[in-house]
Structure formats: C-alpha cells, structure tokens
Amino acid sequence: MKTVVRLRVNGDEVEVWVPVHKTLLEVLREDLQLTGTKHGCELGECGTCTVLLDGQPVLSCLVLPIEVQGQEIVTIEGVAAGSELHALQAAFAELGAAQCGYCTPGMILTALALLRTNPAPTRQEVKEALAGNLCRCTGYLKILDAVARAAASLKDGSSYGG
Amino acid sequence: MLRLPPFTYLQPRTLGEAVRLLAEQPPGEAMAVAGGTDLYPNMKRRQFEPKYLVGLRRLPELRFLHGDARQGLTIGAGMTLTEVSTHPQVRQGYPALATAAGLVSTPQLRNMGTIGGNLCLDTRCNYYNQTYWWRQAIGFCLKKDGDTCWVAPGSRRCWAVASSDTAPVLLALQAQVTLLGPQGERTLPLAALYRDDGIAYLNKGHAEILTRITVPPAEGLRMAYVKLRRRGAFDFPVLGVAVALRLADDGTCTEARLALGAVASAPLLATEAAALLQGNRLTPEVIEAAAAAAFRPARPLDNTDLTLAYRKKMVRVHVARTLYQLAGLAAPAAL
C-alpha cells in the first residue's frame, strides 16, 4: 500500500509517495536523500538512526512516516546553520570525538536534545542520556568530553547553539 | 537492509473504532501497534506478518495519567515509558514504578514505547529473537514456524521469557488492567492477564486493547525494583525483583508482595516468600528465609543472556538485598 505522507523535516514541508511500510529511516535516506541519518542494526538496539521528533530523540528505524505527519523531525542535516557548525558539531570535530563517524549523527542529536532541556548536565547525566547510542569504535570518553565542551561553550556564548 | 513486510496501516480516531478494525479481521491478520518498539523489530524478523496494523499511537483516549499515592493512579496505556518514569506523582508516590519504567531499554526507546506495550511485551528467547534466516537455519522453533523448543527439546510447551520491567512492579502493587474489546470493557487483576506459556502468554483476545492501568493507593508502602542485566546502559532483564511492603511502627511487616520478572513465561508473584514476611519483623533470619522461598519457584532456563545457574542463584541474592534495603538494614558483605 503506497500513500502520500507529508512530513516536516528540518523546517521544510515535504511530501513523499511511499509504501506505508517504509520506515522513517528508509524514507529519509532513500526518498529524501538525507543520508546523514545512518542505518545500523535496524532493530532498535544501536541508536545510530536517532532523529529528533518534536525535540525528543527517537529511533527512525522503528518509526513509520505515516505516524509522525505534522510532527517536527530534525536530522543531522538540520543542526548547523548554513556553514556555521553547532557547538556540538564543533566540539566533536575539535576533540576527535568522531572516529569512524558512524554513530556521530545519532550522538549529536541525542546530546542536542539533552542540552536543550539540561544546559549544564553532569557527566553521569550525559552518560545516561547517551546510553542508547553505541559507538562501535568505543570512543566514548571523547564523546562525553565533547558534550561537556559544547555545554560550556554554549553557556559562555562563544558558539552557535541553534 | 532489514525491512518491514508490507501491510495496510489503519488509523482509527477512537478506541471503539480501533477495536472494531481489529475485530473485523481473523486473529493474526490485524495487530494493534502503539510505540512499535517491540512489534516492528519482530515484524522485521518475520515473527509477525499482519495484513493490517491498527495504529493506537495518536489516540488521545490512551494518553493520560492521574492520581497520586493517596488516591491511587490511573495510567493510560499509551503513556510513554519516559512520561511514566518522569511523572512527579509516579516518582513521589510509586518510586519503584518510576525506576522500572526508567530502566526499560534506552532513552530513545522509552520516548517511543508505551507502558501498555511494556505490559504486553512479547516473550523473549535466544532461539526466537533472531532474524528469519537465523531461525530458518535451525529449523525454526516452537514459538514461531517450527515444532521443537530448542531450550527444552522434549517439551511440548514454549519457554520464552516474560521480559517486562514494569509488570513485576505493577504486580507487587496489585494493579488492575482494563481491556476494551468487542464485548465491551473488562477489568482484571494484572496477574490474571498473564499465562505461564511462552506462546499464549496473555489472556487477551486479539481484538482486545489494554486501555488503562489502575494502581491502588500506596501511601506508606515501601517499594523497590531491582533489575539484573549484563550492561548497565541497556538490556532486557535477566531477572527483575519487585517488592512492596508495609511496616508497622514496631517494625512488623503488615503487608508484603514480591514479584519476579524474567524467571518464567509470566511474571511471578512469590506468594510463599511474601507469607514469610507478613506478621514478622524483617530480621536477617526472616529476610533470608523469604529469599530462599522466592528462589524455589524461579525456574530460569538456558534461553536468555547470562548462565542459567547464575540467574537462579541471583534470585535469592537480589531478593535478599532488596529486602535488606527496604528494611533499612545493611546487607551482609557476603551477599
């Protein structure tokens, strides 16, 4: 069964004609060419396909587009302002928090949702917030450091925070 | 990629319409879906291939939570696990429920998955939660597409494991659940929703929808939920221990309920252990006796993470630790 689905992705209204059983992950990557959202386990275990849905991190491999019409979807492509990187992106780059980079979009989006509700998280709070995002390179320490650095630079106003 | 099998997606506007849509199809052809965090992975692995999905996600009738420890709680089945675990009245009055809901899976999945879905969670097994190709390679299993239980090959029943975190807590709190079906609404104790059978694990018709959970007042109750799993970050429980008890001023236990998760195909009430606590002060001797009694009916099989002997042993250890904690006593170092 194909259907028309109207989505709001990174502030744009888009309309796609897709089989209803295609997941949001598949539609983002294959129909909207937003390949920044990665596919990992596709079973809800790894967190690499994380997107924000009305500001909350969810797994796009387990969401049907038809279920989220009218809700605000943010992917990694919607995080920077043009060429200006978000504080999290800058901190991940500066600290080498991305190794192979596969988990990075999911990590950044999950951390973004955390910093919006909790601008000065403790290390434990960052760990708990990122508990659903696996890094296959196991580079967790740099990732935790990068989130802390981004939180600090957002606090002192030295970088872009969306 | 692991893709979903094709289906038609139906979006009812009311619960009544949702029940009608489910009832119009033969069992198995239409399934209800809320958060999708349990059903969609199973569909991707072809454990389920329904022709129709009936979406409950946006039904406002399932999205409420009211009450407090004094009056009792009523929770709409469509509340997400994040919403339940962070709700001030749950955290204050029902801390064990907040803990259990907050320990399910990962933050992302708790933002999606619902409390109703967690209570109806499909039973799990190492031989079942695998891709179609993996299962095909072993000739499938009793729970789906095959005729042998690989955990207990001589067995005529399926031993897949009840893996909900919230069910043991809600059992210990004597919660009731309300189901809406073609015949109308019925309310039953949560314990009556479950059957100790890995395949037919719910006493629920295919067109019945779990709509709400009613939890009795809990003022003065001491409660805890302890979850054993391999990773602290996320995993299904290999053991869940839920305890609710009331202590009189002199320390006598006047009310006690213990429930265990992940030790059978249904969450189990450890009634014998509870009886040993009732009417007694929680001395180390009483606690050890209750833990030993809870240990006996737990019969984990070799079908989840961690070894069977360890899991069985941990029932005694974690029940004892939880009781020491609720009694305000330091657990012995050896425990």
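A residue counts as buried if 20 or more other C-beta atoms lie within 10 Å of its own C-beta atom. The views below show a predicted model.

**View 1. B:Glu208 is a buried loop residue of chain B.** In chain B, the loop that joins β7 (184–189) to β8 (209–215) holds B:Glu208. Around B:Glu208 there are 20 other C-beta atoms within 10 Å, and the residue is therefore classed as buried. Leaving aside residues up to four places away in sequence, B:Glu208 is in contact with B:Leu179, B:Leu180 and B:Gly181. A further residue to locate in this view is B:Ala32, which stands 176 residues from B:Glu208 along the chain. The distance between the C-alpha atoms of B:Glu208 and B:Ala32 is 9.2 Å.

**View 2. Three strands of chain B form an open sheet with parallel pairing.** Across the sheet, the strands of chain B follow the order β1-β3-β2. At the edges lie β1 (8–10) and β2 (30–33) of chain B, each of which pairs on one side only. On average, neighbouring strands of this sheet are turned by 25° against each other, direction ignored. The link between β2(B) and strand β3 (residues 52–55) of chain B consists of four bridges, and these strands run parallel. Which residue of β3(B) stands opposite B:Val33? The residue opposite B:Val33 is B:Gly55. Helix α1 (residues 15–23) of chain B lies across β1, β2 and β3 of chain B, and its direction is at about 150° to β2(B).

**View 3. Five strands of chain B form an open sheet with antiparallel pairing.** The order of the strands in this sheet of chain B is β4-β5-β8-β6-β7. The edge strands are β4 (65–68) and β7 of chain B, each pairing on one side only. Between neighbouring strands of this sheet the average turn is 20°, direction ignored. Four bridges hold the antiparallel pairing of β4(B) with strand β5 (residues 72–76) of chain B. Within this pairing, B:His66 has B:Thr74 of β5(B) as its bridge partner. Helix α1(B) packs on this sheet and touches β6 (176–181) and β8 of chain B. The direction of α1(B) makes about 130° with that of β8(B).

**View 4. Strand β9 (residues 222–228) of chain B is mostly covered.** How many of the residues of β9 in chain B are buried? Seven of the seven residues are buried. Both faces of β9(B) are covered: one side carries B:Arg222, B:Ala224, B:Val226 and B:Leu228, and the other carries B:Met223, B:Tyr225 and B:Lys227. The strand β9(B) pairs in the antiparallel sense with strand β10 (residues 239–247) of chain B, over seven bridges. The bridge partner of B:Ala224 in β10(B) is B:Val243.

**View 5. Helices α3 (residues 104–117) and α5 (residues 140–155) of chain A cross at roughly 40°.** The axes of these helices of chain A come within 11 Å. Are α3(A) and α5(A) roughly parallel or oblique to each other? An angle under 35 degrees would count as roughly parallel. The crossing at roughly 40° is not under that limit, and α3(A) and α5(A) are therefore oblique to each other. The crossing of α3(A) and α5(A) is right-handed. From α3(A), the residues A:Met107, A:Ala111 and A:Leu115 meet A:Ile143, A:Val147, A:Ala150, A:Ala151 and A:Leu154 of α5(A). The residues of this contact divide into eight nonpolar, no polar and no charged.

**View 6. A:Asp54 and B:Leu306 have positive phi values.** Most residues other than glycine have a negative phi. The phi of A:Asp54 is near 45°, and that of B:Leu306 is about 65°. A:Asp54 sits in the loop between β3 (50–53) and β4 of chain A. B:Leu306 belongs to the loop between α11 (284–295) and α12 (308–327) of chain B. A:Asp54 has 13 other C-beta atoms within 10 Å and is therefore partly exposed. B:Leu306 also counts as partly exposed, because it has 16 C-beta neighbours inside 10 Å.

**View 7. Chain A and chain B are in contact.** To this contact chain A gives 22 residues and chain B gives 23 residues. On the side of chain A that touches chain B, strand β4 (residues 56–59) of chain A gives the most, with four residues. The residues on that side of chain A divide into twelve nonpolar, eight polar and two charged.

Terms used: Residues are numbered from 1 along each chain as its sequence is written. Chains are lettered from A and ligands numbered from 1 in the order in which they are written. This is a predicted model: local features need pLDDT of at least 70, side-chain atom pairs count only at pLDDT 80 or more; totals for chains, interfaces and linings use all residues. A residue is buried if 20 or more other C-beta atoms lie within 10 Å of its own, exposed if 12 or fewer, and partly exposed in between; C-beta atoms are placed from the backbone. Helices (H or I, at least four residues) and strands (E, at least two) are DSSP runs, numbered from the N terminus. Two strands pair if DSSP finds at least two bridges between them. Axes are lines fitted to C-alpha atoms, for helices over the stretch in contact, and angles run from 0 to 180 degrees between N-to-C directions. Two residues are in contact if their C-beta atoms, placed from the backbone, lie within 7 Å. Ala, Val, Leu, Ile, Met, Phe, Trp, Tyr, Cys and Pro count as nonpolar, Asp, Glu, Lys and Arg as charged, and the others, Gly among them, as polar. Angles under 35 degrees count as roughly parallel, over 145 as roughly antiparallel, 65 to 115 as roughly perpendicular and the rest as oblique. A crossing is left-handed if the near helix is turned anticlockwise from the far one by less than a right angle, and right-handed if clockwise.
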